[in-house]
Amino acid sequence: MALAIRVHEQPWTAERAALRDEALLGFAASPKSISPKFFYDSRGSQLFEQICRQPEYYLTRTEETILRLAAGDIAKIAGPDLSLVEFGSGASLKVRLLLEALRPARYLGVDISREFLAASTHRLAADYRWLDVHALCADFSQPLELPAEALGKRPLAFFPGSSIGNFDPEQARAFLRNLHAALPPGSGLLIGVDLVKDRQVLERAYNDKAGVTAQFNLNLLERIRHELDSDIDPGRFQHRAFYNEAESRIEMHLVSPHAQQVRIEDRLFDFAAGETLHTENSYKYTPAGFRQLAAEGGFAAVAMWRDPWQFFSVHFLRRE
C-alpha cells in the first residue's frame, strides 16, 4: 500500500536562483556574508544530522531530554485533536517524542530542502500509519501561507533546535510576526531556545573534534561550485567559529588564509588574506530576553522547561 503524503507547494524563488542572487550580493558586500539557509541542500542536511550526534554538540541531546521529560505537560497544555506543524522538518527524535505524547490528528513538515523534506515525511508516514502527513517545501524565513487542510482548528507550531537563533533579533521578530499572521488565534508555538552560557561550552559545540561542523560550513562552497557557474575551491578556505560576547552569538565564518580571487558566473570577487565569508550567526538568549522577543512578535509565554545545567530552554507560547 502506497503511503499517502499530501504535498503542498508555496510559490517562492527557485532554490538555485535564490542561491545565485544571494551569493552575488553577499560576495560583493563588505563584510562578505551569505544566509545560513543555503547550508541545507541534501548533503548539508545529512551533515547537520551528523553534527547533532557529536559529543560537543549539547543542543540536540539536551533539547531531546527536556522534551522527553516535559512531553506529558506539553500534551496537557496543547490539548487533544491538534495539528502539529514542524518548521525545519528533520529526521531527529524530537518530533517523534511529540507525536507519541500528543497523538495529533495531522502533521505538516515545512522545510527549504525538498529532498530532505520528502525523505523525512515519508519516514514519518511509514512509522505512524494513523497520522495524516503533509509536506510543504517553502522558505519559512519569508511570509508563509500554511495550507488550511493541514492546520485544522488547533495547530501547534514546533520550531526546535534553537533555529530561531540563526536570525538576528530583528529577523527573529519578523519571523514571529509572519508566523503570527499564518496561524489562527489561540495557536500554540513550542520553540527551542539556546541559552547564554560559558564561552568554552559554546565554542566547543561549533568546533567539534571530528570536524563535522567544518565540513558542514565548507559544504556551502561545494554547493555554490556545484549549482552555479563558479570556480570557487572549498580547499582554499577554512572553518572558523567563535563566541561574540557583545552580541551574545556564535559566529561561523569561512576564512581565506591567502589572498585569492573567485568567480561566480561573470563576476570576480577578491578575498584579502584573512578575509572571511560570514555564513551563520547563532544567537543565545536569557529566558527573560526571549520572552520579551516573543511578546514583540505577538506570542504570550505559557510555560518554559530547562535542563538542570540551564544550557537550553523549551518555551510554550500562545498566539494572541
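# Close-up views of a predicted model

**View 1. Ala157, tucked away in strand S6.** Ala157 is buried, at a relative accessible area of 0%, and this view of the predicted model puts that residue in the middle. Strand S6 is where Ala157 sits. Leaving aside residues up to four places away in sequence, Ala157 touches Val85, Phe87, Leu179, Leu183, Gly188, Leu189 and Leu190. For a sense of scale, go from Ala157 to Asn178: that is 21 residues along the sequence and 13 Å in space, C-alpha to C-alpha.

**View 2. Leu190 and the largest nonpolar core.** Which residues touch the most other members of the largest nonpolar core? They are Phe27, Ile74, Leu190, Ile224 and Trp305, out of 68 residues in that core. Helix H3 (residues 58-78) is the biggest giver here, putting 8 residues into this core. Now zoom in on Leu190, again skipping residues up to four places away in sequence: among its contacts are Leu67, Ile74, Leu98 and Trp305. Leu190 also touches Leu156, Ala157, Phe158 and Phe159, along with Val314, His315 and Phe316. Apart from this core there is another one, of 31 residues, with Val85, Leu108, Phe175 and Ala294 among them. As a rule, nonpolar side chains tend to be buried together in soluble globular proteins.

**View 3. Helix H4 under its covers.** Helix H4 spans residues 94-102, and 7 of its 9 residues are buried, so call it mostly covered. The buried ones are Lys94, Val95, Arg96, Leu97, Leu98, Leu99 and Leu102; note that Lys94 and Arg96 are on that list too. What does the covering? Helices H3 and H5 (114-127) are included, and so are strands S3 (83-87), S4 (106-111), S6 (155-159) and S7 (188-194). Just after H4 comes Arg103, with a positive phi near 50°.

**View 4. Helix H1 against helix H9.** The axes of H1 and H9 (residues 212-227) are 11 Å apart, and the two helices pack at an angle of about 115°. H1 and H9 are therefore roughly perpendicular to each other. The crossing is left-handed. From H1, the residues to look for are Glu15, Arg16, Leu19 and Phe27; they meet Arg223, Ile224 and Glu227 in H9. Sorted by type, the residues of this contact come out as 3 nonpolar, 4 charged and no polar. Phe27 and Ile224, both part of this contact, turn up again among the residues that touch the most other members of the largest nonpolar core.

**View 5. Helix H7 across helix H10.** Here the axes of H7 (residues 169-182) and H10 (residues 287-296) come within 8 Å and cross at roughly 50°. That angle makes H7 oblique to H10. This crossing is right-handed. On the H7 side you'll find Pro169, Ala172, Arg173, Leu176 and Arg177, and they meet Leu293, Ala294 and Glu296 in H10. The contact splits into 5 nonpolar and 3 charged residues, with no polar ones.

**View 6. Gln310 and Phe311, side by side in a loop.** Both Gln310 and Phe311 belong to the loop between strands S13 (299-306) and S14 (312-319). Gln310 has a positive phi, near 55°, in a residue other than glycine. Is Gln310 buried, partly exposed or exposed? Gln310 counts as partly exposed, at 45% relative accessibility. Phe311 also counts as partly exposed, at 23%. Not counting residues up to four places away in sequence, Phe311 touches Tyr58, Asp194, Leu195, Lys197 and Val201. Val196 is worth picking out as well: 115 residues away along the chain from Phe311, with the two C-alpha atoms separated by 7.5 Å.

**View 7. Two more loops with backbone details to check.** In the loop between H3 and S3 sits Asp81. Asp81 is another residue other than glycine with a positive phi, near 50°. Asp81 is exposed, with a relative accessible area of 56%. Then look at the loop between helix H1 (15-28) and strand S2 (32-33), which holds Pro31. The peptide bond leading from Ser30 to Pro31 is cis, with omega near 0°.

Note on methods. Residues are numbered from 1 along each chain as its sequence is written. This is a predicted model: local features need pLDDT of at least 70, side-chain atom pairs count only at pLDDT 80 or more; totals for chains, interfaces and linings use all residues. Side-chain values use heavy atoms; hydrogens and water are left out. Axes are lines fitted to C-alpha atoms, for helices over the stretch in contact, and angles run from 0 to 180 degrees between N-to-C directions. Helices (H or I, at least four residues) and strands (E, at least two) are DSSP runs, numbered from the N terminus. Angles under 35 degrees count as roughly parallel, over 145 as roughly antiparallel, 65 to 115 as roughly perpendicular and the rest as oblique. A crossing is left-handed if the near helix is turned anticlockwise from the far one by less than a right angle, and right-handed if clockwise. Contact means heavy atoms within 4.5 Å. Ala, Val, Leu, Ile, Met, Phe, Trp, Tyr, Cys and Pro count as nonpolar, Asp, Glu, Lys and Arg as charged, and the others, Gly among them, as polar. A nonpolar core is a set of buried Ala, Val, Leu, Ile, Met, Phe, Trp, Tyr and Cys residues joined through side-chain atoms within 4.5 Å. Buried means under 20% relative accessible area, exposed over 50%, partly exposed in between (1.4 Å probe, protein chains only).
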